[in-house]
Amino acid sequence: AGSASEQTVETISKRDALLERCHQARQLSEHQKRLFHKLCDLLLERNQQVNLTAIRTVSDVYEKHFGDSLRLIDVIDQLPIHAEQHESTRDKDAGLRLLDLGSGCGFPGLALAIARPSWQLVLLDSTRKKCDWLREARSALQLSNVVVEWDRAELAGHRPEMRECFDLVVARAVARLPVLAELALPFVRVGGFFLAPKEYIGRELPSSGAEWSELASAMHAIKLNGGLYERTVPMAPSLVQGDQTPAVLSRSRVVVLVRKQNKTPKAYPRAPGRPQAKPL
Ligand code: SAM
């Protein structure tokens, strides 16, 4: 058996290899890579005491949490919010303001915070133990661009320091689109975007909402909350797989993009539980 330090070197290079397979990971500095490795260890350790995620293996953490979060960066980088955002803020160096709604064990929020230190991330969750974990991770990784908020979206969406304050709102695996639209759009500033990563099952991507029932049923809620459905974009596979491109879409990860066109009327979001019980 090798010495402890040889084993550590071996573990780190295996972890680096896992991270290298994720999109965007090639642009990470050594420091950022170390933060991802530390986050993986912390998450798996804490997950043995508190149920935070169903993902329990190292390779799944890299692929399903880190990879899935990092590939959103390509989509975000192409949104027409960056220049506008810099013009409108007094501090030209200030980054994008992002809300991760229903952040849970921290994805995509924590991964985006590590990969893009200039972005300001607010991680919102209604579950106390999830927020305790998010705060622990924030401190352990010294992520000064992260703020954790323990609240329900239905209430936080009416708080003046949260309402219509974000350039982007992202929500992964939180609710179906008709519900999400009402929870998320009140946080987005006019001109900003709401992004929902979703799994789409079908041979071709929907070119309009009418071709996808979850999206079709969300159109009313999107409009009522001041949104305008833009498009659904395919996400790159979370892992780099040579030059292989899927010829036929059957089950694919997509991002639904909604632009905030008008202010959200004061009535939304409705009281806690209402958006879920009676979607708009
Ligand atoms: N986004 C993470 C991910 O993809 O790994 C977590 C997904 S988890 C299935 C959904 C999370 O959303 C839970 O942590 C739950 O507490 C939170 N959540 C659900 N409804 C919420 C609401 N109305 N306001 C705030 N958080 C909510």
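Two residues are in contact here if their C-beta atoms, placed from the backbone, lie within 7 Å. Keep that in mind for the tour, and remember that you are looking at a predicted model.

**Stop 1: the whole chain**

Start with everything on screen as a cartoon. You should find twelve helices and seven strands. The chain has 280 residues, and 40% of them count as buried. Now think about which parts of the sequence meet: among contacts with a separation of 6 or more, 73% are between residues 24 or more positions apart.

**Stop 2: Ala 184 and the core**

Select Ala 184 and show its side chain. What does Ala 184 touch, once residues up to four places away in sequence are set aside? The answer is Leu 101, Val 169, Ala 171 and Phe 194. Ala 184 belongs to the largest nonpolar core, a set of 72 residues, and together with Val 169 it has the most contacts inside that core.

Widen the selection to helix α9, residues 177–184. Eight of its eight residues are buried. Glu 182 is one of them, along with Leu 180 and Leu 183.

**Stop 3: the unit around α9**

Add strand β4 (residues 166–170) and strand β5 (residues 188–201). With α9, these two strands make a right-handed β-α-β unit. β4 and β5 run parallel and are paired over four bridges. To see one of those pairings, pick Val 170, whose bridge partner in β5 is Leu 195.

**Stop 4: over to β1**

Next, select β1, residues 97–101. Is β1 enclosed or open? Four of its five residues are buried, so the rest of the structure largely encloses it.

Which strands does β1 pair with? One is β2, which runs parallel to β1 and is joined to it by five bridges. Another is β4, again in the parallel sense, over three bridges. Leu 99 is a handy residue to click on here: it stands opposite Val 122 in β2 and opposite Val 169 in β4. You met Val 169 at the core, where it was named with Ala 184 for having the most contacts.

Bring in helix α6 (109–115). β1, α6 and β2 make a right-handed β-α-β unit.

**Stop 5: the ligand**

Center the view on the ligand. How many residues surround the ligand? There are 17, and the closest are Gly 102, Gly 104, Ser 126, Ala 153 and Arg 172. The elements that give two or more residues to this shell are β2 (120–125) and α8 (153–156). Color the shell by chemistry and you get seven nonpolar, five polar and five charged residues.

**Stop 6: backbone oddities in the loops**

Switch to sticks for the backbone. Go to Pro 108, in the loop between β1 and α6. The peptide bond from Phe 107 to Pro 108 is cis, with omega near 10 degrees. There is another cis bond from Tyr 268 to Pro 269, with omega near -5 degrees. Pro 269 is in the loop between β7 (251–260) and α12 (274–277).

Then look at phi. Gln 142 has a positive value of about 50 degrees although it is not a glycine. You will find Gln 142 in the loop between α7 (128–140) and β3 (146–150). Why does Gln 142 count as exposed? Because it has 8 other C-beta atoms within 10 Å, and the cut-off for exposed is 12 or fewer.

Glu 164 also has a positive phi, near 50 degrees, and it sits in the loop between α8 and β4. Glu 164 counts as partly exposed because it has 17 C-beta neighbours inside 10 Å.

**Stop 7: two lysines to finish**

Select Lys 33 in helix α2, residues 30–49. With 17 C-beta neighbours inside 10 Å, Lys 33 is partly exposed. Beyond its neighbours within four places in sequence, Lys 33 is in contact with Asp 16, Leu 19 and Leu 28. Draw a distance from its C-alpha to that of Trp 150 and your viewer should give 28 Å.

Last, pick Lys 278, in the segment after α12. Lys 278 is exposed, with 9 other C-beta atoms within 10 Å. From C-alpha to C-alpha, Lys 278 is 31 Å from Val 75, and the two are 203 residues apart in sequence.

Note on methods
Residues numbered from 1 in each chain as written. Predicted model: local features only at pLDDT ≥ 70, side-chain atom pairs only at ≥ 80, totals over all residues. Pairing = 2+ DSSP bridges. Right-handed = clockwise from strand over helix to strand, strands pointing away. Buried ≥ 20, exposed ≤ 12 C-beta atoms within 10 Å, placed from the backbone. Near = placed C-beta within 6 Å. Nonpolar A, V, L, I, M, F, W, Y, C, P; charged D, E, K, R; others polar. Core = buried A, V, L, I, M, F, W, Y, C linked by C-beta atoms within 7 Å.
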